[in-house]
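Please open the model in a viewer and keep the sequence panel visible beside it. The tour below proposes one selection after another and states what each one shows.

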Amino acid sequence: TAAPDLAGRHVVISAGGTREPLDPVRYLGNRSSGKQGYALARTAVARGARVTLVEANTGLPDPSGADVVRAGTATQLREAVLKAARDADVVVMAAAVADFRPAEYATGKIKKKDGQEPAPIALVRNPDILAEVSAERATPGQIVVGFAAETDDVLANGRQKLRRKGCDLLVVNEVGERKTFGSEENEAVVLGADGTETPVPYGPKEALADTVWDLVAARLG
Ligand code: PMT
């Protein structure tokens with residue numbers, strides 16, 4: 001059994017992928033299964049934390065011992081994360097949040113019209129939840145952890161993202177159509193705002209989760 005080094009701590013974890021509706025039938029989404037976020041939730045429970053898991057479209061069974069809050073869109077995920085973060089010691093953003101959403105929602109199914117080119121889809125920006133949580137720090141000493149899902153120049157992009165988002169730790173992982181999304185394994189480098197870089201070799205998503213909690217516990221003091 002794990003050391004209860006998160007006992008008495010409230011940790012908030014987001015998991016899964018947001019879906020941004022175009023009409024009652026279609027959405028813009030991504031390939032996140034939620035498995036990495038659920039592994040974080042399970043391991044945090046095992047280490048004694050009170051866990052709020054904000055999940056988006058995972059369809060996974062609730063991890064025992066965690067409070068699960070459901071969110072569909074980035075807007076809903078933001079509301080749920082900000083609310084849970086108010087008394088949190090740690091916030092971990094493992095969810096794949098859509099950067100953009102359709103500018104307009106059609107209340108009826110969008111129809112194709114004979115002989116007409118498809119209409120372009122106009123997008124607007126979603127708020128950056130990780131940057132907001134990092135800037136606000138709802139409780140003193142709150143630790144904020146982000147993830148970076150990259151396909152190219154993984155580490156360089158990760159280092160830039162860490163600075164831009166203002167979090168304490170950023171877990172940089174490579175993704176692709178068949179890489180990381182939906183699989184049981186992951187590999188990553190965890191970047192610290194203090195300049196530390198912790199490589200985590202390819203292995204179960206729980207192993208990466210436990211390394212994240214080791215680094216968080218060391219920073220909680
Ligand atoms: O779910 P799995 O199938 O197990 O796959 C795991 C994973 C690849 C989804 C996970 O390990 C991961 O990398 N999650 C973050 C995905 C992501 O959205 O990365 P990003 O580089 O686009 O975003 C960077 C960070 O900002 C993330 O912490 C994200 O939650 C956050 N973000 C992004 C956009 C936005 N509008 N608000 C945010 O808070």
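A residue counts as buried here if 20 or more other C-beta atoms lie within 10 Å of its own, with C-beta atoms placed from the backbone. The model is a predicted one.

**Stop 1: strand S10**

Begin by selecting residues 169–174, which form strand S10. Of these 6 residues, 5 are buried, so the strand is largely enclosed by the rest of the structure.

Now add residues 143–150, strand S9, which runs parallel to S10 and is joined to it by 6 bridges. To see the register, display Phe-147 and Val-171: Phe-147 stands opposite Val-171 of S10. Next, show helix H4, residues 154–165; together with S9 and S10, this helix makes a β-α-β unit that is right-handed.

**Stop 2: from S10 to S11 and S12**

Extend the selection to residues 185–192, strand S11, which pairs with S10 in the antiparallel sense over 5 bridges. Here Val-172 stands opposite Val-189 of S11.

Continue to strand S12, residues 197–204. Is this strand well covered or hardly covered? It is hardly covered, since the count of buried residues among its 8 residues is 0. S12 runs antiparallel to S11, and 6 bridges join the two. One pair to display is Leu-191 with its bridge partner in S12, Glu-197. The hairpin of S11 and S12 has 4 residues between the strands, and within this hairpin Gly-195 takes a positive phi near 95°.

**Stop 3: strand S6**

Select residues 90–93, strand S6, and inspect its two faces. Val-90 and Val-92 lie on one side, Val-91 and Met-93 on the other, and all of them are buried, which leaves both faces covered.

Strand S1, residues 10–16, pairs with S6 in the parallel sense over 4 bridges. In this pairing, the bridge partner of Ile-13 is Val-92 of S6. S6 also runs parallel to S9, to which 4 bridges join it, and Val-91 stands opposite Val-144 of S9.

Keep Val-91 selected and show its surroundings. Not counting residues up to four places away in sequence, Val-91 touches Val-12, Val-81, Ala-85, Val-133, Gln-142 and Val-144. Val-91 also belongs to the largest nonpolar core, which has 56 residues. Which members of this core touch the most other members? They are Val-11, Ile-13, Leu-77, Val-81, Val-91 and Val-145.

**Stop 4: the ligand shell**

Centre the view on the ligand, which 25 residues surround. The closest are Ser-33, Met-93, Ile-129, Leu-130 and Phe-147. The elements that give two or more residues to this shell are helix H1 (35–46), helix H3 (129–136) and S9. S9 supplies the largest share, 4 residues. Colouring the shell by residue class shows 13 nonpolar, 9 polar and 3 charged residues.

Two of the closest residues have appeared before: Met-93 in the account of S6, and Phe-147 opposite Val-171.

**Stop 5: two positive phi angles**

Select Asn-57, in the loop between strand S4 (50–56) and strand S5 (66–70). Asn-57 has a positive phi of about 55°, although it is not a glycine. With 22 C-beta neighbours inside 10 Å, Asn-57 counts as buried.

Then move to Arg-137, in the loop between H3 and S9. Arg-137 likewise is not a glycine and has a positive phi, of about 45°. Arg-137 has 15 other C-beta atoms within 10 Å and is therefore partly exposed.

**Stop 6: Thr-52 and Asp-214**

Return to strand S4 and select Thr-52. Thr-52 has 23 other C-beta atoms within 10 Å and is therefore buried. Leaving aside its neighbours within four places in sequence, Thr-52 is in contact with Val-12, Asp-67, Val-69 and Ala-84. Draw a distance from Thr-52 to Val-212: the two are 160 residues apart along the chain, and their C-alpha atoms are separated by 17 Å.

Finish at Asp-214, in helix H5, residues 205–220. Asp-214 counts as partly exposed, with 15 C-beta neighbours inside 10 Å. A last distance can be drawn to Ala-15: the C-alpha atoms of Asp-214 and Ala-15 are separated by 20 Å, and the residues are 199 apart along the chain.

Note on methods:
Residues numbered from 1 in each chain as written. Predicted model: local features only at pLDDT ≥ 70, side-chain atom pairs only at ≥ 80, totals over all residues. Buried ≥ 20, exposed ≤ 12 C-beta atoms within 10 Å, placed from the backbone. Pairing = 2+ DSSP bridges. Right-handed = clockwise from strand over helix to strand, strands pointing away. Near = placed C-beta within 6 Å. Nonpolar A, V, L, I, M, F, W, Y, C, P; charged D, E, K, R; others polar. Core = buried A, V, L, I, M, F, W, Y, C linked by C-beta atoms within 7 Å. Contact = placed C-beta atoms within 7 Å.
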